[in-house]
Amino acid sequence: MTTHTHLTTDHEEIRQWTQAHHGIPARVPRTTPDDVLRIDLHGVDSGLEHISWTEWFAAFDQQGLALSYPDPHLQGGISAWFELVARPRTADGPS
């Protein structure tokens, strides 16, 4: 895991990052409204259910998540490593 990460809640940035890494919005099948969200990189994880961006972002926002990935400005910053993490709590709200 890298120590220099970029954190975002911006839907368009997340969509672009996912598409650049050949990912598909997904969730663990048969979960509750608090779906266990995933990004299926290269669409090869047969244990995941692919869902629409609309559905994925609704759950993403409801659960207060953010996407964390290596800082793209660092050398080698095109890694497909990522995590879905809790949004930081700040006085100004999530970034």
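Of the 95 residues in this protein, 33% are buried. The model is a predicted one. Contacts often reach far along the chain. Among those between residues at least 6 apart in sequence, 53% join residues at least 24 apart.

Start with the parts list. The protein has 2 helices and 6 strands. Along the sequence they follow the pattern β-α-β-β-β-α-β-β.

Now look at the sheet. It is open and built from 3 strands, in the order β3-β2-β4, with antiparallel pairing. At its edges stand β3 (37-41) and β4 (49-50). Each of these two has a single partner strand, so one side of each is left without a neighbour in the sheet. Strand β2 covers residues 23-27 and pairs with β4 in the antiparallel sense, over 2 bridges. One bridge is easy to find: Ala 26 has His 50 of β4 as its bridge partner. Helix α2 packs on this sheet and touches β2 and β3. The direction of α2 makes about 135 degrees with that of β3.

Turn next to the helices. Two packed helices are described by the angle between their axes and the distance between the axes. Here, helix α1 spans residues 11-20 and helix α2 spans residues 53-62. Their axes come within 12 Å and cross at roughly 125 degrees. That angle makes α1 oblique to α2, because angles over 145 degrees count as roughly antiparallel and those from 65 to 115 as roughly perpendicular. The crossing of α1 past α2 is right-handed.

Which residues of α1 and α2 make the contact? From α1 come His 11, Ile 14, Arg 15, Thr 18 and Gln 19. From α2 come Trp 53, Trp 56, Phe 57, Phe 60 and Asp 61. Sorted by class, the contact has 5 nonpolar, 3 polar and 2 charged residues.

Finish with a single residue, Ser 68. It is found in strand β5, which runs over residues 65-70. Is Ser 68 buried or exposed? Its relative accessibility is 6%. Buried means under 20%, so Ser 68 counts as buried. What is Ser 68 in contact with, leaving aside its neighbours within four places in sequence? One group of partners is Thr 5, His 6 and Leu 7. The others are Trp 81, Phe 82, Glu 83 and Val 85.

Methods: Residues numbered from 1 in each chain as written. Predicted model: local features only at pLDDT ≥ 70, side-chain atom pairs only at ≥ 80, totals over all residues. Heavy atoms only, no water. Axes fitted to C-alpha atoms, helices over the stretch in contact; angles between N-to-C directions. Helix = DSSP H or I, 4+ residues; strand = E, 2+ residues; numbered from the N terminus. Parallel < 35°, antiparallel > 145°, perpendicular 65-115°, else oblique. Left-handed = near helix turned anticlockwise from the far one by under 90°. Contact = heavy atoms within 4.5 Å. Nonpolar A, V, L, I, M, F, W, Y, C, P; charged D, E, K, R; others polar. Buried < 20%, exposed > 50% of the residue type's maximum accessible area, 1.4 Å probe, protein only. Pairing = 2+ DSSP bridges.
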